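Biologist: I'm new to reading protein models, so could we walk through one together? Let's put it on the screen.

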Amino acid sequence: MEEFEQENFPDSQEELNTEETLTRVSGMYKDWFLDYASYVILERAVPAIEDGFKPVQRRIMHALKELDDGRYNKVANVVGHCMQYHPHGDASIADAMVQIGQKDLLIDTQGNWGNILTGDSAAASRYIEARLSKFALAVVFSPKITEWQSSYDGRRKEPINLPVKFPLLLAQGGEGIAVGLSTKILPHNFNELIDASIKHLKGQKFTLVPDFPTAGVIDVSQYNDGLRGGKIRVRAKIGQIDKNTLVITEIPFGTNTSSLIDSILKANEKGKLKVKKIEDNTAAQVEILIHLPAGISPDKTIDALYAFTACESSISPLGCIIEDNKPLFIGVSDMLRRSTERTVALLKAELEIQLEELEAQWHFSSLERIFIENRIYRDIEEEESWEGVISAIDKGLKPHVAHLKRAITTEDIARLTEIRIKRISKFDIDKAQQYISGLEDKMAQIKHHLAHLIDFAIDYFKNLKETFGKGRERLSEIRVFDDIEATKVVMRNTKLYVNRAEGFVGTSLKKEEYVTDCSDIDDVIVFTADGNVMITKVDTKTFIAKNILHVAVFKKKDKRTTYNLVYKDGKNGPSYIKRFNITGVTRDRAYDLTNGNSGSEVLYFSANPNGEAEVITVLLRQVGSIKKLKWDIDFSDVLIKGRSSKGNLVTKYAVKRIELKEKGVSTLKPRNIWFDEVVQRLNVDGRGTLLGAFKGDDLLLVITQKGVVKTMSPDLSLHFDEDMIVLEKWIPSKPISAIYYDGEKDKYFGKRFLIEQSNREDLFITEHENSYLEIVSTDWRPVFEIEFNKPRGKEAKPAAQINMEEFIAPKGIKALGNQLSTEKIKNSAALDPLPYELEEDLEAVDIEVENPEEVSENPDGISENTKPSASSDGKEGSQPTLF
């Protein structure tokens, strides 16, 4: 230590004075840090909105263009060439080039460029090759409209921004961390970006959501247009091979198969889930097999994979770009608008340059024709000086140049003197005129494009999609995940009110009667005292009709809610009773539930969410010699029919009033189960479509497009196949009707069958690889309409309607069925099924009537038996309306 001090410190004051004076660096640090931050933001980390490139990416594309001769170049050679423009090491250039190449848009690659699915890195740059793709050559480069600047050492010129005529930044995405800020722009679908650009040019609204090269399932409900605070949830696509094997076929963006498997193994070690073995068979497509121990539920394991592993991840976008050398935070919609408008400006600049070049060609071609046709070249034979030659030609041209678009310059005349004698001797005036006419046609076309620039830009984008859009369909499936859907239900922050007397419903009538909570996308169903019903969108204030009886949120395809109604037909007409469902009607249209006669009115009404059937008491007015003035009616004795049915006769005499005697009570107490199409899961919360009320031994019926039918217990943790086409409550006695193509026999067959064994999976079409299901129905008496292809040189076979009940009787599930046709089917559709009434072994209950005459007037009266509606979970229906 002493030796160190003696060697490094001065021994005298004189020696100290010779040392350099120390300077404080606080001021210098402030300036240097700001310069450094600005440099990193502008020159390294954040892409420019003008062309979507970071500087290193722009220089790589420029180097590839300079080396482009149609053949592949060694990446190492491209990197070396790019170093003339990029003041950094070769490793950063090579890494950036590999990232561009892996996006499969701008660079045509050859060799091992790595794998984004497995996380494998690319081979060394000396072993892989690249060239510009056809798409890059078409949209990225246009030297005549490119602005240039000197490279970092002043030896060469490089583009300030490339004239990219496409929203490239949104197609590729971009990510970077700078000093004080960062950016994360997610990739979007190629074709959807073009469609959005076209919509913007047409003045229409558009929406953009990400699309990832690793595919997967995404929830974009909180994307927030790619701004700060937004979020994308991404899930792997997990399927089930058998009861002990799961398969992952798509992975979340930002992960790879290696990291995904590691996260599953860690979750297994922590006891979050149980896995027996994992196999990674990924090559061109992802395939990870997860083998489960015996007795482990595959459905619950799928949920655990989403909850505890990288099979589900959250991505937070942050839209930051460089515009006019400044960072700017904007959403992806604004990015697309700016990019589209810049594309229009670039197309205009290219058209103007083309027009200028064509006008120059036209001008000189016209001068050349005048010069040769009028033999002006002979006027210079006697001239001895250059000035005399110019003057003579100028003088000879003047009588013939009135139609020219600009004045003749000395340069024009000088070019005429350079025409060779050989060209003059072989000059063809007709061909010259045709050439000039062709130039005029081209100029007229360009002027038309300039006058209709937006239409030209739209055609440009359509051509891009037609040329390069094939094979670039959306990879990521958009879906709302389970818990996000639950949040949406909770967030019903709008309340619905009604003014019954005046006939208004809406969310702004806060001083009126409260009805229910709802969302602004709900429909409401409204019943009025004159027997009309209307469905309308939730709004602030909507007039329906005076004297409103009932208002509720309408659930489309709800076959569970049953409406009980007694009405008077006309001012002095008879009274009728009916029960009906409303599953779907045209919005904002009034439907008459009565017989349509003037003066009709509702005497009794109730809405029953679980099909309850109450008992009512009918009281008549004392008129004449009527003996029976009071009797009871049980709604369970009335068939549930359509809303337009007339109903059963109650009495032809005047009704004084109707009283509720006994509420409808459910006895079986099954559980109502719904299927939420958005998240593809079962629930008991009323989300989605009601499948029915299930008792302990009731099963679900599932049919897939592959021709597979299966029955299973309605477990809420079930996952369903993507190609599922039928999901409903299984009725064992109800036959399934299908038309399918037999690949081995090359014929179409129709069949009806009953499921013989429950809780199993069966294939009901033939096992040939070319066999496929054409159409299937679970209606009792279905009718199919079949359209046939037109054979070459023949007339198409007329469309046929197939009544499946008459076509074939129910047989075994493995039966081939009856041959339908050898002609190829063009289209098939299910028509309205034939009527079918379920029979129930119940004793008939007669209703007391005033006299036998009333019974004869009602041969189909309320004494009929009908299958009682399935009971509810104990929830009572709404209170009836009495008169």
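What follows is a short chat about two helices, a cavity and a few single residues.

Modeller: Quick warning first: this is a predicted model, where local features need pLDDT of at least 70, side-chain atom pairs count only at pLDDT 80 or more, and totals for chains, interfaces and linings use all residues. Residues are numbered from 1 along each chain as its sequence is written, and side-chain values use heavy atoms, with hydrogens and water left out.

Biologist: How far apart are the end C-alpha atoms of helix α16?

Modeller: Helices (H or I, at least four residues) and strands (E, at least two) are DSSP runs, numbered from the N terminus. The expected span of a helix is 1.5 Å times one less than its number of residues. Helix α16 covers residues 429-451, so its 23 residues should span 33 Å. The model agrees, with the ends separated by 33 Å.

Biologist: Which element do the buried residues of α16 pack against?

Modeller: Buried means under 20% relative accessible area, while exposed is over 50% and partly exposed is in between (1.4 Å probe, protein chains only). In α16 the buried ones are A432, I436, L439, M443 and I446. An α-helix has 3.6 residues a turn, so residues three or four places apart point the same way. Counting contact as heavy atoms within 4.5 Å, the buried residues of α16 pack against α12.

Biologist: What covers the buried residues of helix α17?

Modeller: Helix α17 spans residues 453-468, and its buried residues include F456, Y460 and F461. Their cover includes α7, α9, α12 and α16.

Biologist: Is T343 buried or exposed?

Modeller: T343 sits in helix α12. Leaving aside neighbours within four places in sequence, T343 is in contact with V164, K165, F166, Y460 and F461. Its relative accessibility is 0%, so T343 counts as buried.

Biologist: Which element gives the most to the lining of the second largest cavity?

Modeller: On a 1 Å grid over the protein atoms alone, a cavity is a set of points where a 1.4 Å probe fits but cannot get out, and lining residues have an atom within 4 Å of a point. Grid points are joined across faces, edges and corners, and a volume is the space filled by probe spheres set on the points. The whole structure has 4 cavities of 30 Å³ or more, and the second largest has a volume of about 60 Å³. With 3 residues, the element giving the most to its lining is α8.

Biologist: Which backbone nitrogen does the side chain of E250 reach?

Modeller: E250 belongs to strand β11, and at 18% relative accessible area E250 is buried. Among its contacts, leaving aside neighbours within four places in sequence, are T214, A215 and K237. At 2.8 Å, the side chain of E250 reaches the backbone nitrogen of G216.

Biologist: Which side chain does a polar contact join to that of S771?

Modeller: S771 is in the loop between β42 and β43, and at 12% relative accessibility S771 is buried. A polar contact is a pair of N or O atoms within 3.5 Å; within protein, one must be able to donate a hydrogen and the other to accept it, and residues adjacent in sequence count only if both atoms are side-chain atoms. At 2.6 Å, the side chain joined to that of S771 belongs to T766.

How values were computed:
1 Å grid on protein atoms, 1.4 Å probe; cavity = no way out; pocket = protein on both sides within 12 Å on 5 of 7 lines; lining within 4 Å.
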